[in-house]
Amino acid sequence: MARSLGENGPRTPAAEEGLSETRESLAPGPDAAAADELSSLGSDSEANGFAERRIDKFGFIVGSQGAEGALEEVPLEVLRQRESKWLDMLNNWDKWMAKKHKKIRLRCQKGIPPSLRGRAWQYLSGGKVKLQQNPGKFDELDMSPGDPKWLDVIERDLHRQFPFHEMFVSRGGHGQQDLLRVLKAYTLYRPEEGYCQAQAPVAAVLLMHMPAEQAFWCLVQICEKYLPGYYSEKLEAIQLDGEILFSLLQKVSPVAHKHLSRQKIDPLLYMTEWFMCAFARTLPWSSVLRVWDMFFCEGVKIIFRVGLVLLKHALGSPEKLKACQGQYETIERLRSLSPKIMQEAFLVQEVVELPVTERQIEREHLLQLRRWQETRGELQCCSPPRLHGAKAILEAEPGPWPTLQPSPSIRLPPDARLPGSKGKPKLPKQIQKEQKEQQKQAKERGQLDKPPTPNQANMATAAGDACAPQDMPPKDLAPEDPAPQDSAHHCSQESLTSQESEDTYL
């Protein structure tokens, strides 16, 4: 069977119950009958009936669970300015990531313009690079038949993913077809992991913003870089992060931590769906998009911060705990959170200001991992280390840069000057230093040769620092002089220095 959030849980009864309840939360809710009715519409019925329904700006049917009421609208002039800034960043992405990453982070916190959100997510997650590195891979996976055991479970889950969104309202419509393609491709791409039920809403959110192939590579990045081990067998990574969240809560909200400890409520009872679906099934949609903007830029610490903010404002004061005297009441409070604390502006501000860093998360991860090993032994799933955001992913997997080695196309005569140059050209300091060292060594050997003129050195530089073949010595050197090998070594060093400078620039 496919791993739902209720399978392969931890070894305590409370945690097993928590995972079971979380599986129910991923099943159809109270509007399941209406969702099934809507999802059974054919293409003709969709054209005749669904077109009459009003759709909000996010694509949800107005009046449904996914639709929202009054929203904070960004002024059109401000939105256009943000779009212009983001276009400039996306068109010069490598330079911005290398030199102005803090500015990118601030702009992600303000919110990515809707028209550029899909493209920005691809650049932030590294999905764009993955796509360039694997041309045709998704088409290859898409054309493969797939494993029947996974396909059967995926097809049963399709109509449960955002049934009131215009992309997924029609059973067998283009949205559900693309969702099946993406999830099936992942089971073929990572057959050792297969399919986990929580991957479906994550993939659906991506498909709302980009085509299937791009959504697939973004899903790969989420599963392998942002949340590694979350969707693998035994769900060990999510159990560890539950303990990390609970430990951080003690510092953020001692009142909430003490209450949950007294009630003996395992973190998996309330945080599993939050983390595995990146709050896509929990928050209002405008808040989901803002959280995902920051998540793609800064990594899993945003997920931790959102969870801590929700716990703090739901259970963080004695007044709020008066209605939560037992386990059941507490769990119900966390399942039906107050709209006020999930409101976009309030939540984003609280998340940005919460002082929880990657270093704290990694420190807690080491502590919880040590406790796990002492009580339960080694982890059965060895997932790769997670990367905290876009900058860490770029540094770990740099993009496919163009070849930076010099390839001269124009060769100038020895006495020619470069256009716009005045007087004698000045050699680079490193070349001058190397020439002085060579002259000093030649004097010690008593074989002082005439040093190359600046024009000759300039010709070599203008020609792209091309190195002379090792079997043909340069004109200024005698055949018996061992300098040609030194010259080749000098040229290779010079070329390497040029490449390093280009890397620094990029």
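Contact here means heavy atoms within 4.5 Å. This tour runs through a predicted model, in which local features need pLDDT of at least 70 and side-chain atom pairs count only at pLDDT 80 or more, while totals for chains, interfaces and linings use all residues. Residues are numbered from 1 along each chain as its sequence is written, and side-chain values use heavy atoms, with hydrogens and water left out.

**Phe216 and the core**

Select Phe216. Leaving aside residues up to four places away in sequence, Phe216 touches Phe138, Leu141, Val182, Ala185, Tyr186 and Tyr189. Next, add Leu206, Tyr270, Trp292 and Leu310: together with Phe216, these have the most contacts inside the largest nonpolar core, which has 115 residues. A nonpolar core is a set of buried Ala, Val, Leu, Ile, Met, Phe, Trp, Tyr and Cys residues joined through side-chain atoms within 4.5 Å. Buried means under 20% relative accessible area, exposed over 50%, and partly exposed in between (1.4 Å probe, protein chains only).

**Helix α16**

Tyr270 also leads to helix α16, so select residues 268-276. Helices are DSSP runs of H or I with at least four residues, numbered from the N terminus. Nine of the nine residues of α16 are buried, so the helix is largely enclosed by the rest of the structure. Among them are Glu273 and Trp274. Just after α16, look at Ala278, where phi is positive at about 50 degrees.

**Cysteines**

Select Cys223 and Cys196. Why is there no bond from Cys223 to Cys196? The closest cysteine sulfur to that of Cys223 is in Cys196, 8.8 Å away, which is too far. A disulfide is a pair of cysteine sulfur atoms within 2.5 Å, and a search of the whole structure finds zero. Cys223 is buried at 3% relative accessibility; Cys324 is buried too, at 1%.

**Helices α14 and α15**

Select residues 236-252 (α14) and 254-262 (α15): their axes come within 6 Å and cross at roughly 135 degrees. Axes are lines fitted to C-alpha atoms, for helices over the stretch in contact, with angles from 0 to 180 degrees between N-to-C directions. The pair is therefore oblique, the class left after under 35 degrees (roughly parallel), over 145 (roughly antiparallel) and 65 to 115 (roughly perpendicular). Show side chains for Phe246, Leu249, Gln250, Lys251 and Val252 in α14, which meet Pro254, Ala256, His257, Leu260 and Ser261 in α15.

**Gly63**

Finish at Gly63, in the loop between α3 (43-48) and α4 (76-91). Gly63 is exposed, at 75% relative accessibility. Draw a distance to Arg53: the C-alpha atoms are 9.7 Å apart, with the two positions ten residues apart in sequence numbering.

Technical notes:
Helices (H or I, at least four residues) and strands (E, at least two) are DSSP runs, numbered from the N terminus.
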